[in-house]
Every structure is written in structure tokens, then in C-alpha cells.
Amino acid sequence: MRYSTPAGGTTTVAARLLGRSTVTCTCGFNRTVPTRDADDLANRHAGSCRRGTPSPTRRPGAGSIGNRR
């Protein structure tokens with residue numbers, strides 16, 4: 001499933017094994033959660049993401065949401 005963000009990015013949900021799904025966004029957001037929670041998390045992040053697509057030369061700061069991979 002794909003969700004558009006206000007800043008022009010895209011949040012997607014990819015199915016994984018054993019009832020877990022990965023939620024990713026073009027801003028660098030990346031979480032693996034139980035499949036039942038994936039669509040809700042993707043929708044919430046898409047509604048609040050103001051970062052859009054980051055510059056390829058910019059690295060996320062320490063502790064930022066984009067650092068968890």
C-alpha cells in the first residue's frame with residue numbers, strides 16, 4: 001500500500017515473513033512492525049511527514065527518525 005505525504009514523499013508497506021511488515025518512507029523512516037499495525041503506522045506517518053525526499057548528500061542526525069534501519 002502507498003500513502004502520499006504532504007511534502008511530496010511516499011510511504012509504503014512491504015509484506016515480510018512471520019506476520020511482520022516493513023513501513024518505509026522516502027524521508028528515511030523505516031520500521032518493522034506486526035502486520036496488523038503496519039497500515040495504521042504508514043497512514044499516521046504519511047499524515048505527519050513534512051520532510052519529503054531528503055538530499056542524497058544529507059545524512060540524518062544522531063537519534064533522528066531516519067537513523068533506524
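In helix α1 of this predicted model, the buried residues are Ala38, Leu41, Ala42, His45 and Ala46. These residues cover an arc of only 125° around the axis, which puts them on the same side of α1. The face turned away from that buried side carries the exposed residues Arg36 and Arg44. The cover over the buried residues of α1 includes β1, β2, β3 (20-25) and β4 (30-34).

The length of the helix can be checked against its residue count. Helix α1 runs over residues 35-48, 14 residues, and at 1.5 Å a residue it should span 20 Å; the C-alpha atoms at its ends are 21 Å apart, so the two values agree.

**Overall arrangement**

The protein has 1 helix and 4 strands. Along the sequence they follow the pattern β-β-β-β-α. Of the 69 residues, 32% count as buried. Among contacts with a separation of 6 or more, 38% are between residues 24 or more positions apart.

**The nonpolar core**

The largest nonpolar core has 12 residues in all: Tyr3, Val13, Val23, Cys25, Cys27, Phe29, Val33, Ala38, Leu41, Ala42, Ala46 and Cys49. Two elements, β3 and α1, give two or more residues to this core. Helix α1 gives the most, with 4 residues.

Valine 13, one of the core residues, lies in strand β2. Its relative accessibility is 19%, and because buried means under 20%, valine 13 counts as buried. Leaving aside neighbours within four places in sequence, valine 13 is in contact with Met1, with Ser21, Thr22 and Val23, and with Ala38, Asp39 and Ala42. The C-alpha atoms of valine 13 and cysteine 25 are 9.0 Å apart, and the two residues are 12 residues apart in sequence.

**Two residues of strand β3**

Serine 21 is located in strand β3, and threonine 22 lies in that strand as well. Serine 21 is buried, with a relative accessible area of 4%. Threonine 22 is also buried, at 11% relative accessibility.

Apart from residues up to four places away in sequence, serine 21 touches Val13, Ala14, Ala15 and Arg16, then Arg31, Thr32 and Val33, and also Thr35 and Ala38. Valine 33 is 12 residues from serine 21 along the chain, and their C-alpha atoms are separated by 5.6 Å.

With neighbours within four places again set aside, the contacts of threonine 22 are Thr12, Val13, Ala14, Arg16, Asn30, Arg31 and Thr32.

**Threonine 5 in a loop**

Threonine 5 is found between β1 (2-4) and β2 (10-15), in the loop that joins them. Is this residue buried or exposed? Threonine 5 is buried, with a relative accessible area of 7%. Not counting residues up to four places away in sequence, threonine 5 touches Thr10, Thr11, Cys25, Ala46 and Cys49. Of these, Cys25, Ala46 and Cys49 are listed in the nonpolar core.

**Polar contacts**

The side chains of threonine 5, serine 21 and threonine 22 each reach a polar partner. The table gives the partners and distances.

| Residue | Partner | Distance |
|---|---|---|
| Threonine 5, side chain | Glycine 9, backbone nitrogen | 2.7 Å |
| Serine 21, side chain | Threonine 35, side chain | 3.1 Å |
| Threonine 22, side chain | Threonine 32, side chain | 3.5 Å |

Threonine 35, the partner of serine 21, falls within the residues 35-48 of helix α1. Threonine 32, the partner of threonine 22, falls within β4 (30-34).

**The salt bridge**

How many salt bridges does a search of the whole structure find? The search finds 1 salt bridge. Side chains of opposite charge can pair when their charged atoms come close. Here arginine 44 forms the bridge with aspartate 40, and the closest N and O atoms are 3.2 Å apart. Both residues lie in helix α1, 4 residues apart, about one turn of the helix. Arg44 is one of the exposed residues on the face turned away from the buried side of α1. Aspartate 40 is partly exposed, with a relative accessible area of 44%.

Methods: Residues are numbered from 1 along each chain as its sequence is written. This is a predicted model: local features need pLDDT of at least 70, side-chain atom pairs count only at pLDDT 80 or more; totals for chains, interfaces and linings use all residues. Side-chain values use heavy atoms; hydrogens and water are left out. Buried means under 20% relative accessible area, exposed over 50%, partly exposed in between (1.4 Å probe, protein chains only). A polar contact is a pair of N or O atoms within 3.5 Å; within protein, one must be able to donate a hydrogen and the other to accept it, and residues adjacent in sequence count only if both atoms are side-chain atoms. Contact means heavy atoms within 4.5 Å. The expected span of a helix is 1.5 Å times one less than its number of residues. The arc is that of the directions from the helix axis to the C-beta atoms. A nonpolar core is a set of buried Ala, Val, Leu, Ile, Met, Phe, Trp, Tyr and Cys residues joined through side-chain atoms within 4.5 Å. A salt bridge is a side-chain nitrogen of Lys or Arg within 4 Å of a carboxyl oxygen of Asp or Glu.
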